[in-house]
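Welcome to a short set of exercises for practising how to read a fold. Keep the viewer open and try each task before you turn to the solution.

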Amino acid sequence: MKQFMEDVTIIIQGKLEQDSYDFYIKKYFNCPVIISTWNNTSINFSNIPKNFKVLLSPIPSESGDQNINYQIISTLNALQTIHTKYVIKVRGDEYWSYPENILEFLKKEPNKLHCSSVFFRAWQYSEYHMSDHIFAGTTENLLILFNAAKYNFE
């Protein structure tokens, strides 16, 4: 897992659920992890590992369609603090068992953005829909993506 630690940071963004937090604490106690959540969280961070960083922010006054602004703000807050080449962003209300497997895809195709398609949308509703459940890519590419999303939202 040493190589994994040096190449990628995991961002856990948005509303944080206790079971997700417990999973990442147990499994990724050696990896760089940033939790970017809201200042109204009920999670107790007193026993957080040294490699974890917690960013607490006020919930934005505008949520946007399907809470897109919440994702933009919490993700950008974390991305702006990352020093690794790659990032895997997950939501705080779920967890992914093996995000390290995604790193292998990132290394093979570093210029691609990888995302989940957990929920399929009707083509008429949202062409080329990307799901927000997981995003992965270079930190630089995700910063471009989320800065553009913020610009478009504003």
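The exercises below concern a predicted model and go from a strand to the cores and then to charged pairs.

**Exercise 1.** Find out which strands pair with β1, and in which sense.

*Solution.* Start with β4: β1 pairs with this strand in the parallel sense, over 6 bridges. To check the register, look at Ile 11, whose bridge partner in β4 is Lys 89. Next take β2, which also pairs with β1 in the parallel sense, here over 4 bridges. In this pairing, Ile 10 has Val 33 of β2 as its bridge partner. Finally, follow the chain: β1, α2 and β2 form a β-α-β unit that is right-handed.

**Exercise 2.** Sort the residues of β1 by the way they point, and decide whether they are buried or exposed.

*Solution.* A general rule helps here: in a regular strand, side chains alternate between the two faces of the sheet. In β1, Val 8, Ile 10 and Ile 12 point one way, while Thr 9, Ile 11 and Gln 13 point the other way. Now add burial: 6 of the 6 residues of β1 are buried.

**Exercise 3.** Describe the largest nonpolar core and the elements that build it.

*Solution.* Begin with the count: the largest nonpolar core holds 23 residues, and Ile 12, Tyr 24, Ile 35 and Ile 88 have the most contacts inside it. Then ask where its residues come from: β1, α2, β2, β4, α4 and β6 each supply at least two. The largest share, 4 residues, is that of α2. Apart from this core there is another one, with 12 residues, including Ile 34, Leu 79, Phe 135 and Phe 146. For a closer look, select Ile 88: leaving aside neighbours within four places in sequence, its contacts include Ile 10, Ile 102, Leu 106 and Ile 134.

**Exercise 4.** How many salt bridges does a search of the whole structure find, and how exposed are Lys 15 and Glu 17?

*Solution.* The search finds 5 salt bridges. One of them joins the side chains of Lys 15 and Glu 17, at 3.5 Å from N to O. Lys 15 has 56% relative accessibility, so this residue counts as exposed. Glu 17, at 29%, counts as partly exposed.

Now try Lys 150 and Glu 154, whose closest N and O atoms are 3.9 Å apart in their salt bridge. Lys 150 is partly exposed, with a relative accessible area of 30%, whereas Glu 154 counts as exposed at 69%.

Methods
Residues numbered from 1 in each chain as written. Predicted model: local features only at pLDDT ≥ 70, side-chain atom pairs only at ≥ 80, totals over all residues. Heavy atoms only, no water. Core = buried A, V, L, I, M, F, W, Y, C linked by side-chain atoms within 4.5 Å. Buried < 20%, exposed > 50% of the residue type's maximum accessible area, 1.4 Å probe, protein only. Contact = heavy atoms within 4.5 Å. Salt bridge = Lys/Arg side-chain N within 4 Å of Asp/Glu carboxyl O. Pairing = 2+ DSSP bridges. Right-handed = clockwise from strand over helix to strand, strands pointing away.
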